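User: I would like to go through a few local features of this model, one at a time, with the reasoning spelled out.
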Amino acid sequence: MSTNKPLNISLLLFTVLVFSACSSVGVLSSENEYLPKASDDASIVFQLNSNVPRTTFYVDGKEVVTAERAKILVNGKAHTITASPEGYRSKEEYLQPPYDKTNYLRFTFMIGDKLNTDDDTSDPILADRQRKPDQAAVEKQTPVDIEFDIPKANKINTDAVGVIIGNKDYSKDIPNVDYAVNDAALVKEYFINTLGIKPGNIIYEENAGKATFDAIFGNENNHMGKLHNFVKPGKSDVYIFYSGHGSPDVNSNSAYMMPIDSDPAFVSFSGYSTDLLYGNLSKLNAKSVAVFLDACFSGASGSGEMLIKNASPIGIKVKNKALTIDNSLIITASSGEQIASWYPHMRHGLFTYFLLKGFKGEADLDNDGILTKSELQNYLTDQDDGIPYFARRLHNRIQTPEIISNEYEETLIKYKN
């Protein structure tokens with residue numbers, strides 16, 4: 001007499017679905033011009049494959065096609081690709097430029113990925129899209145770890161002054177910096193709560209043009225801009241944060257922050273030079289100056305697109321005038337020709353995310369309630385858990401923050417007990 005044992009279904013069905021994508025870059029042929037488009041400017045053919053007959057594919061939250069196999073058109077930028085097979089929970093992957101024929105995405109769905117009921121709310125990705133089709137609304141309602149439980153400084157820094165600029169929406173053909181305003185808005189909360197700066201002492205700008213940069217920091221002929229008027233000589237600690245594009249001037253090997261109305265091809269005329277910034281900051285006679293730049297100066301954006309048309313990333317040896325500022329700390333998101341990457345899942349620049357996570361206390365490595373300059377530097381540049389590691393993991397890039405200090409005080413933050 002034999003005994004029938006229960007069948008282990010998981011052994012029979014290890015892989016339910018494989019989704020893969022590979023791209024083909026080239027001139028759009030007439031036979032492809034009627035393919036489904038992910039956006040109006042899409043012109044690159046992208047092949048999507050699934051072994052489930054009714055798989056709906058989304059690009060950046062937009063439904064593009066439902067099929068087992070389909071070609072679509074994308075625009076060569078960074079995208080979130082979502083595969084939603086009928087009967088299974090959706091999965092997402094980030095697609096980063098540049099594309100080539102070896103690029104592919106692979107989603108593997110296990111038996112545990114099957115929907116438990118006919119109710120689509122058991123699929124968090126699909127349900128969130130159906131309930132809140134406005135992606136901006138989704139982002140505002142979904143908290144990120146650095147956005148809550150912001151620590152308090154142990155006292156108000158009465159005379160401290162902050163400048164925060166987030167440049168997201170650029171003119172002409174310059175790609176936007178998707179998370180720059182997110183960065184700026186959250187940095188303001190940390191400036192107030194964690195650094196102890198009074199709200200009235202913060203100069204805050206979103207999408208600042210060249211005239212605004214000049215008005216805040218001064219120009220070549222006059223350094224006495226708005227920031228100068230806020231500073232009490234010898235008493236004010238000055239903190240500056242910028243998130244947006246940076247660009248090199250290849251003729252002078254100088255780095256420029258890019259106002260939203262600037263032209264990277266003529267950046268020496270329309271940008272704001274970091275040399276000028278540091279020069280004017282040195283004339284403030286502030287007690288100390290700390291500058292945090294979530295920008296790179298390679299000529300490429302965080303999505304990998306080039307700011308200067310028909311050019312490759314440019315490695316420049318910037319002439320560093322930051323050391324002319326007494327009691328100064330300058331931290332930039334990347335070095336030389338490196339790209340300052342984004343952290344799409346966290347909806348912030350990668351540098352900003354780790355900077356604020358460090359401010360939140362993660363960089364206080366000895367847990368003594370004091371964040372030091374050395375601790376922050378070690379945290380940001382950690383090869384195993386810091387920015388270099390996550391730049392490799394998320395984008396297959398090298399990114400190491402550059403940190404320059406000139407007799408800046410070792411203690412950065414004392415947290416409230």
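User: Which residue just after H5 takes a positive phi?

Analyst: This is a predicted model, in which local features need pLDDT of at least 70, side-chain atom pairs count only at pLDDT 80 or more, and totals for chains, interfaces and linings use all residues. Residues are numbered from 1 along each chain as its sequence is written, and side-chain values use heavy atoms, with hydrogens and water left out. Helices (H or I, at least four residues) and strands (E, at least two) are DSSP runs numbered from the N terminus, and just after H5 the residue with a positive phi, of about 90°, is Gly218.

User: Why are the buried residues of helix H5 on the same side?

Analyst: In H5, which spans residues 210-217, the buried residues (under 20% relative accessible area, 1.4 Å probe, protein chains only) are Lys210, Phe213, Ile216 and Phe217. They lie on the same side of H5 because the arc they cover around the axis, taken from the directions from the helix axis to the C-beta atoms, is only 130°.

User: Is Arg347 buried or exposed?

Analyst: Arg347 sits in the loop between strand E17 (342-343) and strand E18 (348-349). Its C-alpha is 8.5 Å in space from that of Asp183, although the two are 164 residues apart in sequence. With a relative accessible area of 9%, Arg347 is therefore buried.

Terms used:
Buried < 20%, exposed > 50% of the residue type's maximum accessible area, 1.4 Å probe, protein only.
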